Amino acid sequence: MSTEKPGYFTEENSADVVIARNADASDKRLAEVMAVITKHLHAAVKEIEPTQEEWFEAIKFLTSVGHTCNDWRQEFILLSDSLGVSMLVDAINNRKPTGASESTVLGPFHVPDAPELPMGADICLDQKGEPMLVRGRIVGTDGQPLDGAKIDVWQANDEGFYDVQQKGLQPDFNLRGVFRTGPDGTYHFKGVKPKFYPIPDDGPVGQMLQKLGRHPYRPAHLHYILEAPGFETLITHIFDPDDPYIHSDAVFGVKESLLAKFDLISDPEQIARAGFDRPYYEVVHDFVLAPAK
Ligand code: BEZ
Ligand code: FE
């Protein structure tokens, strides 16, 4: 038990007094984290000098963020996403060796039990949207193809909705699937050209973005989780570089290395070879996994 008296609370020493109160913390990491947060929070309040009304507005905002959360809606994660904190935590925890593919946010629409499909399968179950073929190779940082790599993909439909956002309207597991590479490390599957879509913006985070003059859109993308024994799991996306929102993703998820061209293929021979009956978009993207630490 600490017997030292840190003094009474003043405007000048406010952070020090609060931090000193945690001197006997049994959870040292928590005390360390709270010391940093207290230091920066008090500094921010001193710089902002909020009125009592403004502070109460902030409390009401956070209360509303909490009230908007339920089993399928996590408004605090959306707040973290839209403030760039999710991407910062992702960057800190996914520093990759040179040559390895980069990560980005998981997002709220991953479903853990998507069906495992034969390589080449079409993940679009309702025939809506412009056809797309995605292909590439999964290799290690030494360039060797990865045999038996698990590829978990999911995407929004051509109207910008995931199946879980339109239960009953889209078939269950629409535009998601799990594939496994063979010895050559290649993969290919069919889907539909994705479109930009808004992050859920009918809650307090959406209102905040609007007041800040920000749009809620994410540029068109495909989500991937790549796993292979002996390698770090990679959670990432590939993005359409021609999307109107490519330079202003609402959650800051775009990285240059994750841009993948969506080429329109109109040549009848190629269309027939790919098994389509009309022009389709082709996306070629390889992934490089980092060895497990
Ligand atoms: C997504 O890409 O699925 C996503 C990511 C962050 C917030 C909302 C959606
Ligand atoms: Fe997404």
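Here are legends for several close-up views of this predicted model. Residues count from 1 along each chain as its sequence is written, while chains are lettered from A and ligands numbered from 1 in the order they are written. Because this is a prediction, local features need pLDDT of at least 70 and side-chain atom pairs count only at pLDDT 80 or more, whereas totals for chains, interfaces and linings use all residues; side-chain values use heavy atoms, with hydrogens and water left out.

**Figure 1. The whole chain, before we zoom in.**
The chain has 7 helices and 11 strands (DSSP runs numbered from the N terminus: H or I of at least four residues for helices, E of at least two for strands). Its C-alpha trace spans about 80 × 40 × 30 Å along the principal axes. Of the 293 residues, 40% count as buried (under 20% relative accessible area; exposed is over 50%, partly exposed is in between, with a 1.4 Å probe and protein chains only). Look at contacts (heavy atoms within 4.5 Å) with a separation of 6 or more, and 69% of them come from residues 24 or more positions apart.

**Figure 2. Two tyrosines and two histidines hold the iron ion (ligand 2).**
Tyr 162 and Tyr 197 each offer their OH, and His 221 and His 223 their NE2, at 1.9 to 2.1 Å. Donors here are N, O and S atoms within 2.8 Å of the metal (3.2 Å for Na, K and Ca); water is not among the atoms, so a site may look incomplete. Along the chain, the donors follow the spacing Y-x34-Y-x23-H-x1-H. Tyr 197 in strand β5 (residues 197-198) and His 221 in strand β7 (residues 221-227) are 24 residues apart, so this pair links distant parts of the chain. Both are tucked away: Tyr 197 is buried at 4% relative accessible area, and His 221 is buried at 2%.

**Figure 3. The angles around the iron ion (ligand 2) are irregular.**
The 6 donor atoms subtend angles of 53 to 166°, and that is why the arrangement gets this label. To count as octahedral, six donors need opposite ones over 155 degrees apart and all others between 65 and 115; four count as square planar by those limits, or as tetrahedral if all angles lie between 85 and 135 degrees, and anything else is irregular.

**Figure 4. Tyr 245 pairs with Phe 196 and with Tyr 217.**
The structure holds 12 aromatic pairs (Phe, Tyr or six-membered Trp rings with centres within 6.5 Å; planes under 30 degrees apart are stacked, over 60 edge-to-face, the rest tilted). Phe 196 and Tyr 245 have ring centres 5.0 Å apart and planes at 75°, so they sit edge-to-face. Phe 196 lies in the loop between β4 (186-192) and β5, and Tyr 245 in the loop between β8 (234-239) and β9 (263-265), 49 residues apart. Phe 196 is partly exposed, at 23%. Tyr 217 and Tyr 245 are stacked instead, 4.8 Å centre to centre with 20° between the planes. Tyr 217 belongs to strand β6 (residues 217-218), 28 residues from Tyr 245, and is partly exposed at 25%.

**Figure 5. Asn 174 sits in a loop.**
The loop runs between β2 (150-154) and β3 (176-180). Asn 174 is buried, with a relative accessible area of 1%. Neighbours within four places in sequence aside, Asn 174 is in contact with Ile 123, Cys 124, Leu 125, Asp 126 and Asp 163.
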